[in-house]
Amino acid sequence: MGTTILGIESSCDDTSAAVITDGILRSNVIASQKVHEAFGGVVPELASRAHQQNILPVVSEALRQAGVKAKDLDAIAFTRGPGLLGSLLVGTSFAKGMAVGLGIPVVDVNHLHGHVLSHFIKESEDQEVPDFPFMALLVSGGNSQIIMVKSPYEMEMLGTTIDDAAGEAFDKCAKVMGLPYPGGPHIDRLAAQGNPEAFKFAKPHIPGLDYSFSGLKTSFLYTVRDNLKEDPDFISKRMPDLAASLQKTIIEILIDKLAKAVKEYPVKEIAIGGGVSANSGVRNAVEEFCRRRNIKAWIPKRAFTTDNAAMVAIAGYFKYLNKDFCSLDLPPYSKVQV
Ligand code: KG4
């Protein structure tokens with residue numbers, strides 16, 4: 001058997017395990033935690049407890065589906081950060097314990113590098129992958145970044161959010177509209193039926209390639225509050241229009257900075273990743289943006305946009321080939337480190 005890596009992801013509220021052999025995906029199992037829905041957001045302590053309950057069955061199932069025995073593994077890759085510390089501790093401790101038991105190395109993966117490298121998860125031998133260097137737009141619940149990807153090991157962050165992430169803007173505005181958590185997919189669905197020009201929301205004017213979404217969130221909140229004074233049924237009457245206008249503004253903010261980035265750093269290929277890259281409007285806008293500039297666009301399969309261990313396994317596979325192993329005393333980290 002070729003080089004076989006088990007990947008473990010536990011940075012937020014999805015417990016996931018995946019097996020990759022020589023870069024080809026053999027299994028990708030995800031247990032999403034329903035326990036948070038009632039709270040309108042992820043409750044860290046509940047997430048850690050659910051990871052503890054899920055991790056053993058999820059890893060066993062990933063090995064079973066891949067047709068792999070634990071003794072066939074060459075290394076275990078795990079998400080070391082960024083994320084919720086208690087959640088990360090579960091995956092980190094499990095990966096280290098299992099690797100020590102099997103006498104194989106552990107490889108630590110930066111969750112954000114995982115999202116970027118998700119384009120290298122191959123489901124067949126002849127699947128095409130991006131050429132280095134390429135630019136990545138990483139848009140998730142916790143991050144909005146523009147990254148220059150020079151190799152699987154070398155990434156330079158060109159811009160990042162100075163406050164909220166794009167996913168937070170979707171989720172927090174959706175919460176104001178009374179939609180369930182996470183609100184992003186609901187906004188996406190409603191936006192398809194609404195008028196994107198119905199409402200105008202504030203857009204940031206900050207220098208450089210950094211993002212900001214907190215002003216948009218405030219402006220959305222004020223629009224809803226002011227209209228509710230006139231009509232108590234405002235939200236239910238105008239939901240699709242609110243969703244479409246919000247989505248349009250988020251996309252414009254993302255694309256404006258991407259345009260600035262490619263002017264400063266001309267590239268031939270752009271890849272998007274992270275939970276928000278599942279958004280239909282974002283996917284279409286990036287494709288259109290790239291088509292106009294003769295840039296190749298890499299749009300991930302939806303299954304690989306939100307948190308998954310396949311991306312951790314592929315990022316770990318690259319590090320394994322580079323013999324970049326993790327010492328057992330390295331703890332998880334919660335904050336971004338690109
Ligand atoms: O990458 P991810 O699973 O978690 C982080 O690592 O942060 O991203 C989750 C985020 C949530 O904010 C969720 O609302 C958003 O991705 N999301 C979407 C869509 N699907 C997921 N946002 C907009 N449209 C979607 N279709």
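Two strands pair if DSSP finds at least two bridges between them, and strands here are DSSP runs of E with at least two residues, just as helices are runs of H or I with at least four, both numbered from the N terminus. The structure is a predicted model, in which local features need pLDDT of at least 70 and side-chain atom pairs count only at pLDDT 80 or more, while totals for chains, interfaces and linings use all residues. Residues are numbered from 1 along each chain as its sequence is written, and side-chain values use heavy atoms, with hydrogens and water left out.

**Exercise 1. Determine how β2 is joined to β3 and to β1, and how far β2 is covered.**

Step 1: β2 and β3 run antiparallel and are joined by 8 bridges, one bridge partnership being that of A17 with V29 in β3. The hairpin of these two strands has 2 residues between them, and in this hairpin D22 takes a positive phi near 50 degrees.

Step 2: β1 and β2 are also antiparallel, with 6 bridges between them; I5 stands opposite I20 in β2, and the hairpin that joins β1 to β2 passes through 4 residues.

Step 3: Of the 8 residues of β2, 8 are buried, where buried means under 20% relative accessible area, exposed means over 50%, and partly exposed lies in between (1.4 Å probe, protein chains only). D14, S16, A18 and I20 point one way from the strand, T15, A17, V19 and T21 point the other way, and all are buried.

**Exercise 2. Give the strand order of the sheet that holds β1, and find its edges and the helices that lie across it.**

Step 1: The order in this open sheet of 5 strands is β3-β2-β1-β4-β5, with mixed pairing. Because β3 (24-32) and β5 (106-110) each have a single partner strand, they stand at the edges, and one side of each is left without a neighbour in the sheet. From one strand to the next the twist averages 20 degrees.

Step 2: The parallel sense is found between β1 (residues 4-9) and β4 (residues 75-81), which pair over 4 bridges, with A77 in β4 as the bridge partner of G7.

Step 3: Helix α1 (residues 44-66) lies across β1, β2 and β3 and runs at about 25 degrees to β2, whereas helix α2 (residues 85-102) lies across β1, β4 and β5 at about 160 degrees to β4. Axes are lines fitted to C-alpha atoms, for helices over the stretch in contact, and the angles run from 0 to 180 degrees between N-to-C directions.

**Exercise 3. Describe the packing of α5 on α7.**

Step 1: Helix α5 (residues 184-191) and helix α7 (residues 234-264) have axes 8 Å apart, at an angle of about 110 degrees. The two helices are therefore roughly perpendicular to each other, a class that covers 65 to 115 degrees, with angles under 35 counted as roughly parallel, over 145 as roughly antiparallel and the rest as oblique.

Step 2: Contact means heavy atoms within 4.5 Å, and the residues that make this contact include I187 and L190 of α5 and M239 and L246 of α7.

**Exercise 4. Establish the disulfide count and the exposure of C12 and C326.**

Step 1: A disulfide is a pair of cysteine sulfur atoms within 2.5 Å, and by this rule the count comes to 0 disulfides. For C12, the nearest cysteine sulfur, that of C173, is 19 Å away.

Step 2: C12 counts as partly exposed because its relative accessibility is 22%, whereas C326, at 8%, counts as buried.
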